[in-house]
Amino acid sequence: MTPSWRKPAGTLLIVVMITVWAVLIATLADTVIGWPIAVQSLFYLASGLVWIAPLGPLLKWMETGRWR
């Protein structure tokens, strides 16, 4: 049984995705700082959870080779 290339590729894709997402959110920090604290909290909570959504299909692809 030969090792699959999908796991290293998927791991690299996850790291790139998280990095891009973090940079995107960090660039919005100057705008968000002017918002009320409650709205800032909701924004950062939501943006901290949203990046998890694409991980499900990506992890499934890494294991099976299928997106669904």
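Let's start with one residue: Lys60 lies in helix α4. The helix around Lys60 is a good way into this predicted model, whose chain has four helices and zero strands. Along the sequence, the pattern reads α-α-α-α. Below, we look at the chain as a whole, then at helix α4 and some of its residues, and finally at a patch on the surface.

**The chain as a whole**

- The chain has a radius of gyration of 16 Å, whereas a compact globule of 68 residues would have one near 11 Å.
- Taken along the principal axes, the box filled by the C-alpha atoms is roughly 55 × 20 × 10 Å.
- How much of the chain counts as buried? The share is 18% of the 68 residues.
- The accessible surface of the chain is about 5,300 Å², and carbon and sulfur atoms account for 75% of that area.
- If you take the contacts between residues at least 6 apart in sequence, 62% of them join residues that are at least 24 apart.

**Helix α4 and its buried side**

- Helix α4 covers residues 55-64, and its buried residues are Leu55, Leu58, Trp61 and Met62.
- Why do these four belong to the same side of α4? They cover an arc of only 130° around the axis, so they sit on the same side of the helix.
- The partner for this buried set is α1, which spans 6-27: the buried residues of α4 pack against that helix.
- Just after α4 comes Gly65, which has a positive phi, near 90°.

**Met62, a buried residue**

- Met62 is one of the residues in helix α4.
- Is Met62 buried or exposed? Met62 counts as buried because its relative accessible area is 9%, and the cut-off for buried is under 20%.
- Not counting residues up to four places away in sequence, Met62 touches Arg6, Lys7, Gly10, Thr11 and Ile14.
- Val16 is 46 residues from Met62 along the chain, and the C-alpha atoms of the two are separated by 15 Å.

**Lys60, a partly exposed residue**

- With 40% relative accessibility, Lys60 counts as partly exposed.
- Which residues does Lys60 contact, leaving aside neighbours within four places in sequence? The contacts of Lys60 are Gly65, Arg66 and Arg68.
- Lys60 and Ile33 are 27 residues apart in sequence, and their C-alpha atoms are 37 Å apart in space.

**A salt bridge between two helices**

- Side chains of opposite charge can pair when their charged atoms come close.
- How many salt bridges does a search of the whole structure find? The search finds one.
- This salt bridge joins the side chains of Glu63 and Lys7, at 3.4 Å from N to O.
- Glu63 lies in helix α4 and Lys7 in helix α1, so the pair ties together parts of the chain that are 56 residues apart in sequence.
- Glu63 counts as exposed, since its relative accessibility is 54%.
- Lys7 has 42% relative accessibility and therefore counts as partly exposed.

**A nonpolar patch on the surface**

- Which residues form the nonpolar patch on the surface? Leu42, Leu45, Leu49 and Ile52 do, with about 400 Å² of accessible area together.
- One of these residues, Leu45, lies in helix α3, which runs over residues 37-50.
- Leu45 counts as exposed because its relative accessible area is 51%, and exposed means over 50%.

Definitions and conventions:
Residues are numbered from 1 along each chain as its sequence is written. This is a predicted model: local features need pLDDT of at least 70, side-chain atom pairs count only at pLDDT 80 or more; totals for chains, interfaces and linings use all residues. Side-chain values use heavy atoms; hydrogens and water are left out. Buried means under 20% relative accessible area, exposed over 50%, partly exposed in between (1.4 Å probe, protein chains only). Helices (H or I, at least four residues) and strands (E, at least two) are DSSP runs, numbered from the N terminus. The arc is that of the directions from the helix axis to the C-beta atoms. Contact means heavy atoms within 4.5 Å. Patches are made of residues with over 30% relative accessible area and no salt bridge: like charges are joined within 9 Å, nonpolar side chains (Val, Leu, Ile, Met, Phe, Trp, Tyr) within 5 Å. Accessible areas come from the Shrake-Rupley method with a 1.4 Å probe; for residues, only the protein chains shown count as cover. A salt bridge is a side-chain nitrogen of Lys or Arg within 4 Å of a carboxyl oxygen of Asp or Glu. The radius of gyration is taken over C-alpha atoms; the globule rule is 2.2 Å times the number of residues to the power 0.38.
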